[in-house]
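Here is a short report on a protein model and its ligand. Look first at the site around the ligand, then at one residue in a strand.

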Amino acid sequence: MTDRYAVVGNPIAHSRSPQIHTLFAAQTDQDLRYETLLAPLDAFAATVRGFIAAGGAGLNVTVPFKEQAFRLADTLTPRARAAGAVNTLSFTDGRIAGDNTDGAGLVADITHNLGTAIAARRVLLIGAGGAARGVILPLLEQQPAQLALVNRTADKAVALAQAFAGCNACDFATLAGAFDLVINATSAGLSDAELPLPPGIFATGCLAYEMVYGKQTAFLNQARSAGARCADGLGMLVEQAAEAFFVWRGIRPDTAPVLKTLRSA
Ligand code: NDP
């Protein structure tokens with residue numbers, strides 16, 4: 001019988017996950033169907049339970065439901081617990097298992113696709129929302145020389161630094177130093193807002209990583225003018241999907257051809 005999966009969110013029509021997972025399934029010869037699932041803003045849990053009752057095997061979860069998915073799960077992986085959010089649900093034996101593959105996706109894109117080591121490097125993470133929180137533990141596991149957090153609302157960065165040993169927080173006014181990897185985990189790029197980054201934060205050979213994808217954001221313009229190498233978050237999107245596919249199917253798809261297809265679209 002064909003196994004059913006979906007990505008649940010609101011809005012959801014724009015999601016590229018069905019295309020990505022359908023390409024993974026074809027590549028690995030897996031018998032599955034992957035759709036979008038629109039959940040009303042006040043009925044996330046009911047929508048998930050309805051999908052399970054209809055025989056669904058797993059869900060990806062996107063904006064704005066990742067925290068609700070965290071609360072709905074019966075079991076959590078350590079990385080989901082650290083993230084405080086769930087983007088991958090698996091349904092087996094009547095139980096809901098929650099995982100978070102966003103951080104693994106980011107690390108895989110940076111280290112594998114972009115060939116950039118995180119170990120022993122000075123890393124700056126901009127933002128303190130769900131995306132930033134989800135990637136801190138996987139970044140720390142790479143053992144960077146430094147992980148600095150900066151956020152517009154500085155208190156939120158300070159709270160994150162207190163929750164994760166091994167990183168330090170500051171606000172934009174006190175941000176200083178040079179970094180080998182600068183990751184923009186804010187949504188500023190969606191509104192073309194420029195971040196108040198001081199000169200000199202992009203070290204020579206720095207990789208500037210923008211989590212927003214498919215858009216030349218102000219952050220990418222700032223980084224390029226400072227001589228940094230630039231990448232957007234499309235690779236992270238494909239890699240977090242590959243990690244979810246592995247969680248569900250036990251098979252790791254080759255992401256390179258899928259990323260190439262999405263880039264050329
Ligand atoms: P949240 O809404 O949880 O957090 C938004 C963050 O952006 C906060 O830190 C907020 O700061 C900051 N921010 C928003 N506007 C500005 C601005 N004008 N100037 C400075 N900071 C700003 O969003 P998420 O953390 O869930 O997502 C962040 C981004 O990451 C989104 O754009 C999303 O599309 C992208 N993303 C990409 C993924 C991928 O696979 N490529 C995966 C997950 C997310 P403050 O606290 O001060 O409000």
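The sections below cover the ligand site and then Thr 88.

## The model

This is a predicted model. Keep that in mind when reading the distances.

## The ligand and its pocket

The ligand takes up the space of the largest pocket. Two elements each give two or more residues to the shell around it: helix H6 (130-141) and helix H9 (234-249).

In total, 22 residues surround the ligand. The closest are Ala 131, Asn 151, Arg 152, Thr 153 and Lys 156. Sorted by class, the shell holds 12 nonpolar, 8 polar and 2 charged residues.

## Polar contacts to the ligand

Which atoms of the ligand pair with Asn 151, and at what distance? An oxygen atom of the ligand lies 2.7 Å from a polar side-chain atom of Asn 151. Arg 152 also uses its side chain: one of its N or O atoms is 2.9 Å from an oxygen atom of the ligand.

Gly 233 takes part through its backbone. A polar backbone atom of Gly 233 is 3.0 Å from a nitrogen atom of the ligand. Taken alone, the ligand exposes 930 Å², and the protein buries 76% of that.

## Thr 88 in strand E5

Thr 88 belongs to strand E5 (residues 88-92). Is Thr 88 buried or exposed? Thr 88 counts as buried because its relative accessibility is 0%, and the cut-off for buried is under 20%.

The side chain of Thr 88 makes polar contacts with other side chains. One is with Asn 87, at 2.9 Å. Another joins Thr 88 to Asn 60, at 3.4 Å.

Technical notes: Residues numbered from 1 in each chain as written. Predicted model: local features only at pLDDT ≥ 70, side-chain atom pairs only at ≥ 80, totals over all residues. Heavy atoms only, no water. Near = heavy atom within 4 Å. Polar contact = N/O pair within 3.5 Å; in protein donor to acceptor, adjacent residues only side chain to side chain. Areas by Shrake-Rupley, 256 points an atom, 1.4 Å probe, with all protein chains shown as cover. 1 Å grid on protein atoms, 1.4 Å probe; cavity = no way out; pocket = protein on both sides within 12 Å on 5 of 7 lines; lining within 4 Å. Sits in = over half its atoms within 2 Å of the grid points. Helix = DSSP H or I, 4+ residues; strand = E, 2+ residues; numbered from the N terminus. Nonpolar A, V, L, I, M, F, W, Y, C, P; charged D, E, K, R; others polar. Buried < 20%, exposed > 50% of the residue type's maximum accessible area, 1.4 Å probe, protein only.
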